[in-house]
Amino acid sequence: MHNILITGVSSGLGHALAEVCLERGYRVYATGRHRPSDIEHPNFHFFACDLSDLKSLRACVTEGLQGVDQLEAVILNAGMLGEIKPMVETSVEALKKICDLNVWANKLLLDLLIARELRVKQVIGISSGAAVNASKGWGGYSLSKSALNMLLRLYAHEMPSTHLTALAPGVIDTPMVRYILEEVDETAYPSAGRLKRGPIMTPQEAAKRLVDTIPKLLRYESGAFVDIREMEIYTKEELELFRELEKSVEEGRYKPLAGKELEKEQEIAAQIAKKTIEKRTKKKSLNLRVYEEDIERIKAMALHQGLPYQTFLSSIIHKIATKQIEV
């Protein structure tokens, strides 16, 4: 059974993630200010912790992860929006409060994982499109999520055995989004209007989509910022394979296995999957000759996406190779 750590499970996306991961067979280590009263499960291990209290965070998390030496994934979900208002009206104290939870708490948590020498396969920091879109009124949130993106990119160099991703999960019906929908004037803050008119997922929908996406993130460079709305969960080849498998099952071309025969086939499949993932995630260098003017244009486009231009180019080439972009 795989272990997973999720922060901010008291409500919203974190609460839904805990439920989905328990359904998928994970042993869930979860933290938040308050224990969710509706989650009762033998594999749910909750420890109360106010992550914005940086002084007590280390002791709190150390106690909560007592006896844990391996984590399949860590989802850094806890965060806060702050008030939507002009930057000139936002105090440094207010910005610091937002960054303490959205950035520095995550830094301390990563430091703790490293210090304890926990084996961690993946770290997913819940980011936002606000990290790269400087929308009026989103000052503290945009600053903190942009800083989170860079934080994870920096730690990718220091955690070579762990794959890190800053993931924007899309717009989710949470108390934070409800505040924007119900209280923010879209005339003064046009981004609120765009949010209201766009698709909004339930926490359960977003959590299932996110958990399905976790293994797909290994295709991206460690430390990259990924917007789930801009990535394909399955390639065209995978979808074609799924359809072929469904057709084969319907036509009775497969028979159920049991006992040692099933275990043998599972072992073979696991080895094939492992080799496939290793092959698909292995990177090679490629030298390109590009006009200087094009380089400047590419750098500008990459900056808009919050990526180094080399990583931006690599992602475009990957999308072409996997037929996510037609040429």
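These are my notebook entries on helix packing, salt bridges and a few single residues in this structure. I kept in mind throughout that the model is predicted.

**Helix pairs**

I started with the helices. Two packed helices are described by the angle between their axes and the distance between the axes, and I noted both for each pair.

I looked up H2 (residues 54–64) against H3 (residues 92–115) and got an angle of about 40°, with the axes 10 Å apart. That makes H2 oblique to H3. I also checked the hand of the crossing, and for H2 and H3 it is right-handed.

Next I took H5 (residues 175–183) and H6 (residues 190–197). Their axes are 9 Å apart and the packing angle is about 110°, so I wrote H5 and H6 down as roughly perpendicular to each other. The crossing of H5 past H6 is left-handed.

**Salt bridges**

How many salt bridges does a search of the whole structure find? I got 13. I followed up on some of them.

In H3 I found Lys-96 bridged to Asp-100, with the closest N and O atoms 3.2 Å apart. Both residues lie in helix H3, four residues apart, about one turn of the helix. I then asked myself whether each partner is buried or exposed. Lys-96 is exposed, with a relative accessible area of 52%, whereas Asp-100 is buried at 11%.

In H5 I found Glu-182 paired with Arg-178, and here the closest N and O atoms are 3.5 Å apart. Glu-182 and Arg-178 are four residues apart in helix H5, so about one helical turn separates them. I have Glu-182 as exposed at 57% relative accessibility and Arg-178 as partly exposed at 35%. I also noted that Arg-178 and Glu-182 are linked with Asp-173 in a network of salt bridges.

I checked Lys-85 as well. Lys-85 forms a salt bridge with Glu-83, and the closest N and O atoms are 3.7 Å apart. Lys-85 is partly exposed, with a relative accessible area of 21%. The cut-off for buried is under 20%, so at 21% Lys-85 does not count as buried. Glu-83 is exposed at 53%.

**A backbone angle**

I went to Glu-117, in the loop between H3 and strand E5 (119–126). What is phi of Glu-117? I read a value near 55°, which is positive in a residue other than glycine. I flagged that since most residues other than glycine have a negative phi. I also looked up the accessibility of Glu-117, which counts as exposed at 67%.

**A buried loop residue**

I looked at Ile-228, which lies in the loop between strand E7 (224–227) and H8. Is Ile-228 buried or exposed? I have Ile-228 as buried, with a relative accessible area of 1%. I then compared its distance to Ala-168 in sequence and in space: Ile-228 and Ala-168 are 60 residues apart in the chain, but their C-alpha atoms are 5.9 Å apart.

**A nonpolar surface patch**

Last, I went over the surface. Which residues form a nonpolar patch there? I noted Leu-241, Leu-245 and Tyr-254, which together have about 300 Å² of accessible area. I placed Leu-241 in helix H8 (residues 236–250). Leu-241 counts as partly exposed, at 46% relative accessibility. Patch residues need over 30% relative accessible area, so I was satisfied that 46% puts Leu-241 past that cut-off.

Definitions and conventions
Residues numbered from 1 in each chain as written. Predicted model: local features only at pLDDT ≥ 70, side-chain atom pairs only at ≥ 80, totals over all residues. Heavy atoms only, no water. Patch = residues over 30% accessible without salt bridge, like charges linked within 9 Å, V, L, I, M, F, W, Y side chains within 5 Å. Areas by Shrake-Rupley, 256 points an atom, 1.4 Å probe, with all protein chains shown as cover. Salt bridge = Lys/Arg side-chain N within 4 Å of Asp/Glu carboxyl O. Helix = DSSP H or I, 4+ residues; strand = E, 2+ residues; numbered from the N terminus. Buried < 20%, exposed > 50% of the residue type's maximum accessible area, 1.4 Å probe, protein only. Axes fitted to C-alpha atoms, helices over the stretch in contact; angles between N-to-C directions. Parallel < 35°, antiparallel > 145°, perpendicular 65-115°, else oblique. Left-handed = near helix turned anticlockwise from the far one by under 90°.
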